[in-house]
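Please work through the exercises below with the sequence and the structure side by side, trying each task before reading its solution.

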Amino acid sequence: MKRAWFRCENCFDEVAVPLLNAKVQEPEVCRVCNFKQTMQIIHNFCSFTDKQYIKIQELPELVTEGETPSSLTVISYDTNVDGVRPGDRVSLIGIYRAQPSKIDRMKGTVRSIFNIYLDLISFNVIS
Ligand SMILES: [Zn+2]
């Protein structure tokens, strides 16, 4: 989701809210009638972005004999989606991120084990 759309159930005022760090910042108070907890998300008016998970693997000729090639998950957005196909050799530029793995999504509890991935900024298909 790129932008969330909220409507007040009391006065029907509508407001668009851009996402901050991939989280929806739900307005607590209506800016027109000042009622609390009356804002409802309108899914049909929200805007979304294309997102693709890509798994990249170390080049076979660079892997030491007898070892497993290392791999990494790459997340691409918008115009980068579908630019890389299976079997392509690519060079990538992105942001290397570590995200704590969650034990319980409802409580938000996390482990001290991190999932690593690359947020793709640009790519170049070598062959
Ligand atoms: Zn309102």
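**Exercise 1: Overall architecture**

Read along the sequence, the chain of this predicted model follows the pattern β-β-β-β-β-β-β.

Task: Establish how many helices and strands the chain has, and decide whether the chain is spread out or compact by the globule rule.

Solution. Begin with the count of elements, which gives 0 helices and 7 strands in the chain. Next, set the radius of gyration of the chain, 21 Å, against the 14 Å that the globule rule gives for 127 residues; the value is well over the rule, so the chain is more spread out than a compact globule. Then consider the extent of the C-alpha trace, which along its principal axes spans about 70 × 35 × 20 Å. Finally, turn to the domains: the chain is divided into domain 1, residues 3-45, and domain 2, residues 51-126, and the C-alpha centres of domain 1 and domain 2 lie 33 Å apart. As for burial, 22% of the 127 residues of the chain count as buried.

**Exercise 2: The order of strands in the sheet**

Task: Work out in which order 4 strands form an open sheet, and identify which are the edge strands.

Solution. Take the pairings one at a time.

- Step 1. β4 and β5 pair in the antiparallel sense over 7 bridges. Within this pairing, Q52 has S76 in β5 as its bridge partner, and K51 stands opposite Y77 in β5.
- Step 2. Strand β5, residues 71-77, runs parallel to strand β7, residues 109-125, and 3 bridges join them. Here the bridge partner of V74 in β7 is L118, while T73 stands opposite Y117 in β7.
- Step 3. Strand β6, residues 90-104, pairs with β7 in the antiparallel sense over 13 bridges, and in β7 the bridge partner of K102 is V110.
- Step 4. Putting the pairings together gives an open sheet in the order β4-β5-β7-β6, with mixed pairing. The edge strands are β4, residues 51-57, and β6, each of which pairs on one side only. On average, neighbouring strands of this sheet are turned by 35° against each other, with direction ignored.

**Exercise 3: The nonpolar cores**

Task: Determine which residues make up the largest nonpolar core and which element gives the largest share of this core.

Solution. First list the members: the largest nonpolar core has 10 residues in all, namely A4, W5, F6, C8, V15, V17, C30, M39, I42 and C46. Next, assign them to elements; those that give two or more residues to this core are β1, residues 3-8, and β2, residues 14-18. The largest share of this core, 4 residues, comes from β1. It is also useful to follow one member outwards: leaving aside its neighbours within four places in sequence, V15 is in contact with A4, W5, F6, P27, R31 and M39. Apart from this core lies another core, of 6 residues, among them L72, V74, L118 and L120. As general background, nonpolar side chains tend to be buried together in soluble globular proteins.

**Exercise 4: Three loop residues**

Task: For T38, decide whether the residue is buried or exposed; for N34 and D78, find the location and the accessibility class.

Solution. Treat each residue in turn.

- T38: its place is in the loop between β2 and β3, the latter being residues 39-41. With a relative accessible area of 10%, T38 is buried, because that value is under the cut-off of 20%. Leaving aside its neighbours within four places in sequence, T38 is in contact with R7, C8, E9 and C30.
- N34: this residue is also found in the loop between β2 and β3, but N34 counts as exposed, because its relative accessibility of 54% is over the cut-off of 50%. Phi of N34 is near 60°, a positive value in a residue other than glycine.
- D78: its place is in the loop between β5 and β6. D78 counts as partly exposed at 40% relative accessibility, and D78 has a positive phi of about 50° although it is not a glycine.

Key: Residues numbered from 1 in each chain as written. Predicted model: local features only at pLDDT ≥ 70, side-chain atom pairs only at ≥ 80, totals over all residues. Heavy atoms only, no water. Core = buried A, V, L, I, M, F, W, Y, C linked by side-chain atoms within 4.5 Å. Buried < 20%, exposed > 50% of the residue type's maximum accessible area, 1.4 Å probe, protein only. Contact = heavy atoms within 4.5 Å. Domains from an automatic or database assignment. Pairing = 2+ DSSP bridges. Axes fitted to C-alpha atoms, helices over the stretch in contact; angles between N-to-C directions. Rg over C-alpha atoms; globule rule 2.2 N^0.38 Å.
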